[in-house]
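Biologist: Could you take me through one part of this model slowly? I'd like to see how the inside is put together, starting from a single residue.

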Amino acid sequence: MAVDISGMMSENVILIDSKYADKVAFNLSVMFERGLERRIPKADLAHWLDCLALDGGIEPGENAIQVIFLYDKSTPQLSNFNPGNLADDIDGKAFKDGIGEFAMEAYPIESDVTDVCSFFADTLTVLADSKDVKRIMIVPDTEAYGAELKGCMKKIKDKDITLFAMEPQTGSGFSQEILGYSIMSALGIRGDEIK
């Protein structure tokens, strides 16, 4: 089972495992609050998406960027991002800035029908099969189901894929970026604060 994406897709797509991204933001907040001895605010969602787009190779301009959040139906909330309610504040919303226009969609994972790994991999396959999509940026839980996704990415041809993970990843068919940097920036953690 995959996301039912009807109609034309954007040339640039960001696919996010919401629970994993929220967990990383929480862990970084806790770690840096202790180390910096100051309160870390919730991550600015729009700022984070800008960072992902730039790290994924998108140049500032008039870009159309589709953002797909996959989330557990029982947890429609990003507790460590602002805005955070996937169903009310994010799904069907858009914003435009110097990078482009970000159109956001949020899809619940029906746990009685499928699991996160299968849903993410199936959705990635749908994106890869689309003639409209040229660039795919993914934020999966590589610790939980990275091996399965790497097998899926290896088969994808003629797409520019960027994998965002907390640790460097082995494999082919994708470039990679460290996820923590974009989330730290969205949390307001500056490089000059880190010793």
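Modeller: Sure, and one term comes up right away: contact means heavy atoms within 4.5 Å. This is a predicted model, so local features need pLDDT of at least 70 and side-chain atom pairs count only at pLDDT 80 or more, while totals for chains, interfaces and linings use all residues. Residues are numbered from 1 along each chain as its sequence is written, and side-chain values use heavy atoms, with hydrogens and water left out.

Let's start at S10, in the segment before β1 (12–17); strands are DSSP runs of E, at least two residues, and helices are runs of H or I, at least four, numbered from the N terminus. Skipping residues up to four places away in sequence, S10 touches A64, I65, Q66, D132 and V133. S10 counts as buried because its relative accessibility is 17%, and buried means under 20% relative accessible area, exposed over 50%, partly exposed in between (1.4 Å probe, protein chains only).

Now for the nonpolar cores, which are sets of buried Ala, Val, Leu, Ile, Met, Phe, Trp, Tyr and Cys residues joined through side-chain atoms within 4.5 Å. The largest has 38 residues, and I16, W48, L49 and F69 touch the most other members. Helix α1 (18–36) gives the most to this core, with 6 residues. Apart from neighbours within four places in sequence, I16 has contacts including W48, L49, F69 and V139. There's also a second, separate core of 25 residues, with V133 among them, and V133 is one of the residues S10 touches.
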